[in-house]
Amino acid sequence: MSEQKRCGIIGLGRYIPTKVLTNKELEKMVDTTDEWIVTRTGIKERRIARSDEATSDMAAEAARAALKDANLTANDIDLIIVATITPDMFFPATACLVQDKLGCRTVPAFDISVACSGFIYGIAIADQFIRSGTYKHALVIAAEKLSSVTDWSDRSTCVLFGDGAGAAVLGPVKDGGILSVSLGANGKQGDLIKLPAGGSRIPPTVKSIEDKLHFIKMNGSELFKHAVRIMADAALGATQQLGLKADDIKLVIPHQANIRILKAVAKRMGLTEDKIYLNIEKYGNMSAASSAVALVEAVQEGRIKKGDKLLLDAFGGGLTWGAMVIEWSR
Ligand code: ACO
């Protein structure tokens, strides 16, 4: 019997828009303070994409950087997955637009919509195709332009979100790679964070626009309660499959929703806070792109070395969640 193939991350890249929106600037837009935002969320500033910059533009930039890092070209890619809740449009899929921008072959390309868990779901899907030998190299891109669906007059949401993109090239590896995956969803909690209009339930009308139904609506405090338990349980799901203890994990790369959520998750998992990678203060919550960009930056900062076990952990709208253990193989 042939040995089971292993799949790992062999290239990483990110794209961060240049425009910075600080808490001080938000103070002039809504009734808030820098102090409130920093204390309640850990966010100091976030990035905002240009008006002529769509999700596929950011996704393509991140993908180019990841291809370069992997020493591959667009021609080497066999599968493209884009995780986003802010696609350029309903269809074609943002992944198809990225395929064209990069000049890839006519390989399969599709989007997944699982909000902040999208990067982990995307890697989990690509992992199956690569381990089975169906495809050799996959691009998994998480990209969001949340500024385009944010109500800039709603202080309870507009201080939280930002724009950006992260990308990973996945391919066969000799050692390590993706060791375990734990995914889940609970549609009963879908109302906690959603973008109500624009789809078949509430197609765009003058009224839907006047009612601001094309913006993110969120029950923040209720989400907070679920987030800690969900992220800790997802993490346990991924580590227990391997019989790993908290100490065996070098670094947790979590979805960056709120620093208080992440500190509570660390406590629940029995981890010291220094084992949780944080960049929320610079970018806020970029939904699917958050954990992707965090992974890119953790690697660039030398926080992850060959042989280290890291844990990706996220929850998001749906509700959805996902965690995976990766042994770094580069
Ligand atoms: N500035 C000042 N005051 C504010 C602001 C603000 N920006 N926003 C809310 N407040 C006020 C509220 O009006 C409320 O005032 P009141 O007591 O007079 O009614 C008070 O602050 C407390 O509000 P809470 O909502 O209870 O504040 P909380 O401590 O829960 O923090 C927050 C709010 C930051 C949103 C938190 O609940 C949170 O992070 N929740 C999780 C959100 C999340 O993870 N979302 C992403 C999901 S992932 C995805 O799918 C994109």
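The following paragraphs lead through this predicted model, from its two sheets to the ligand and then to some unusual backbone geometry. Residues are numbered from 1 along each chain as its sequence is written, and side-chain values use heavy atoms, with hydrogens and water left out. Because the model is predicted, local features need pLDDT of at least 70 and side-chain atom pairs count only at pLDDT 80 or more, whereas totals for chains, interfaces and linings use all residues.

One open sheet is formed by five strands in the order β1-β7-β6-β4-β5, with mixed pairing; here strands (E, at least two residues) and helices (H or I, at least four) are DSSP runs numbered from the N terminus, and two strands pair if DSSP finds at least two bridges between them. β1 (7–15) and β5 (109–112) each have a single partner strand and stand at the edges, so one side of each is left without a neighbour in the sheet. From one strand to the next the twist averages 20°, where axes are lines fitted to C-alpha atoms, for helices over the stretch in contact, and angles run from 0 to 180 degrees between N-to-C directions. Within this sheet, strand β6 (residues 138–145) and strand β7 (residues 163–172) run antiparallel and are joined by eight bridges; Ala142 has Gly166 in β7 as its bridge partner.

Another open sheet has four strands, in the order β8-β13-β12-β11, and its pairing is also mixed. Its edge strands, β8 (177–185) and β11 (251–254), each pair on one side only, and neighbouring strands are turned by 15° against each other on average, direction ignored. β11 and β12 run parallel and are joined by four bridges, and Pro254 stands opposite Asp313 in β12.

Where does the ligand lie in relation to domain 1 and domain 2? Domain 1 (7–173) and domain 2 (179–327) both give residues to the shell around the ligand, so it lies between them; the domain bounds come from an automatic or database domain assignment. Of the 26 residues around the ligand, Thr32, Arg40, Cys116, Asn258 and Gly317 come nearest, a residue being near if one of its heavy atoms lies within 4 Å. At least two residues of the shell are supplied by each of α2 (34–41), α6 (155–158), α8 (220–240), α9 (259–269) and β12 (309–316), and the largest share, four residues, comes from α8. The shell divides into 12 nonpolar residues, 10 polar and four charged, where Ala, Val, Leu, Ile, Met, Phe, Trp, Tyr, Cys and Pro count as nonpolar, Asp, Glu, Lys and Arg as charged, and the others, Gly among them, as polar.

Individual atom pairs add detail to this picture. A nitrogen atom of the ligand lies 2.6 Å from a polar side-chain atom of Thr32, while an oxygen atom of the ligand is 2.9 Å from an N or O atom in the side chain of Arg155. A polar backbone atom of Gly317 is 2.8 Å from an oxygen atom of the ligand. Taken alone the ligand exposes 1000 Å², of which the protein buries 73%, with accessible areas from the Shrake-Rupley method and a 1.4 Å probe.

The backbone has some features to note in its loops. Most residues other than glycine have a negative phi, and most peptide bonds are trans. The bond from Phe91 to Pro92 is cis, with omega near 0°, and Pro92 is found in the loop between β4 (79–83) and α4 (94–102). A cis peptide bond also joins Gly318 and Leu319, with omega about -15°; Leu319 lies in the loop between β12 and β13 (320–327). Ala115, in the loop between β5 and α5 (118–131), has a positive phi near 55°.

Conventions
A polar contact is a pair of N or O atoms within 3.5 Å; within protein, one must be able to donate a hydrogen and the other to accept it, and residues adjacent in sequence count only if both atoms are side-chain atoms.
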